[in-house]
Amino acid sequence: MNLMMSHPTKEAASSSAFSVPVYRAADLRVSDGANLGDILTLADDIVLNDIYTLLDNAAPVRLGLNADPDGALHVAANTETDMPGTEVLVDSCLTLMSPDGQTAELLLLAIHDAAGRPTAVNALPLSPLHPRTDYAVVRIDTTGARAKLAEIACVSFARGTHITLASGAQTPIEELRVGDRVLTRDDGIQPIRWIGQSTVRAVGEYAPILITAGALNNTRDLVLSPEHRLFIYQRADAVGAGRAEVLVRARHLVNGTSVVRRGGGFVDYFQILFDAHQIIYAEGIAAETLLLSPRTRPALPEEVSREIAGISPGHDARPHLGFEVGESLLGDHPDAAEILRRASMC
């Protein structure tokens, strides 16, 4: 969910630029209820128990977003829908229920013109929607929607992930505590400032990525959030990044064999925050910790966000953030994970 870079030496990675898969308002229509025949709209006009159906030919498109320093959202240049530069407001989160009792959540993103009037509505599904299925609106949340959008961006390790401490001990992430000293790549030994935990359905944007043991020279299976970036040192520049050091998002490494998206059931996610954005070691792989940014800040407790905001060197302009390579570059390689594994061993 980021603005893709064609070359890391030409364009610095932006922690506040991302993209999300959305349905357009016309893709979802009321098939039964008070608003029969209407397309999806904003929370004020949605009626509980109305039935929405996804059109057969509906396909998600990617909505590019930029988060300003004050947290305001605007359509980014890489968008596949709506006009770059226009304002985006997170209107609400709908909870839908199918006839078999399964629930799905939709974040409603309202596009506003220069006068502040809503001109379009996009729906970001937090779990898969299926055509020809009746979805009843059972809850409309207008207060926690922005935090849910932020949670997608909060890089997370799954329960059971072993983190390398200052002593060299490999400790499951769920056993870590605030103040524990962890080995970091750039700043040596650093204490943990905050640990977050959430349990979510492992579907849609929340379905984790499984990197099987050995796929990137990791000692055990590593399960982490799709947006999580891994730090890889190539002894030879095998992907054409123009540098030996690269940051790669886990979802860009999925190959269907050694790196897969593991959906179904629930996943316990843990977030680790330091005074600065860090690269730590998880199952032997160098991986990033939570980056505090306008995009992720709404997911943190207010007091933690305030404490971190004024700390130097902080979470901005860290040199390694410029090492990211995007999907556009990795797409030239049929199995980027294997290429990077071998390049790191040469």
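# Exercises on a predicted chain

Residues 24 or more positions apart account for 65% of the contacts in the chain with a separation of 6 or more, a contact being heavy atoms within 4.5 Å. The model is predicted, so local features need pLDDT of at least 70 and side-chain atom pairs count only at pLDDT 80 or more, while totals for chains, interfaces and linings use all residues. Residues are numbered from 1 along each chain as its sequence is written, and side-chain values use heavy atoms, with hydrogens and water left out.

## Exercise 1: overall form

Compare the radius of gyration of the chain with that of a compact globule, then describe its extent and burial.

Solution.
- The radius is taken over C-alpha atoms, and the globule rule is 2.2 Å times the number of residues to the power 0.38.
- For 346 residues a compact globule would have a radius of gyration near 20 Å; the chain has 20 Å, which agrees.
- The C-alpha trace spans about 60 × 45 × 40 Å along its principal axes.
- Of the 346 residues, 52% count as buried (buried: under 20% relative accessible area; exposed: over 50%; partly exposed: in between; 1.4 Å probe, protein chains only).
- The chain has 4 helices and 23 strands, which are DSSP runs numbered from the N terminus (helices: H or I, at least four residues; strands: E, at least two).

## Exercise 2: the cavity

State how many cavities of 30 Å³ or more a search of the whole structure finds, and characterise the lining of the largest by class.

Solution.
- A cavity is a set of points on a 1 Å grid over the protein atoms alone where a 1.4 Å probe fits but cannot get out; lining residues have an atom within 4 Å of a point.
- Grid points are joined across faces, edges and corners, and a volume is the space filled by probe spheres set on the points.
- The search finds 1 cavity of 30 Å³ or more, and the largest cavity has a volume of about 120 Å³.
- It is lined by 12 residues, of which Ala153, Arg229, Arg249, Leu291 and Arg295 are the closest to its centre.
- The lining has 4 nonpolar, 3 polar and 5 charged residues (nonpolar: Ala, Val, Leu, Ile, Met, Phe, Trp, Tyr, Cys and Pro; charged: Asp, Glu, Lys and Arg; polar: the others, Gly among them).

## Exercise 3: positive phi

Place Asp82 and Arg132 in the chain and classify their exposure.

Solution.
- Most residues other than glycine have a negative phi.
- Asp82 has a positive phi of about 70 degrees although it is not a glycine; Asp82 sits in the loop between strand E5 (73–75) and strand E6 (87–97).
- Asp82 is partly exposed, because its relative accessible area is 27%.
- Arg132, also not a glycine, has a positive phi of about 60 degrees and belongs to the loop between strand E8 (118–125) and strand E9 (134–141).
- Arg132 counts as exposed, because its relative accessibility is 71%.

## Exercise 4: Asn255 and helix H4

Which residues does Asn255 touch, not counting residues up to four places away in sequence?

Solution.
- Asn255 lies in the loop between strand E19 (245–249) and strand E20 (259–261), and is partly exposed at 21% relative accessible area.
- Asn255 touches Asp335 and Ala337.
- The C-alpha atoms of Asn255 and Pro334 are 7.9 Å apart, with their positions 79 residues apart along the chain.
- Ala337 is one of the buried residues of H4; helix H4 (residues 336–343) is mostly covered, with 6 of its 8 residues buried.

Conventions. 1 Å grid on protein atoms, 1.4 Å probe; cavity = no way out; pocket = protein on both sides within 12 Å on 5 of 7 lines; lining within 4 Å.
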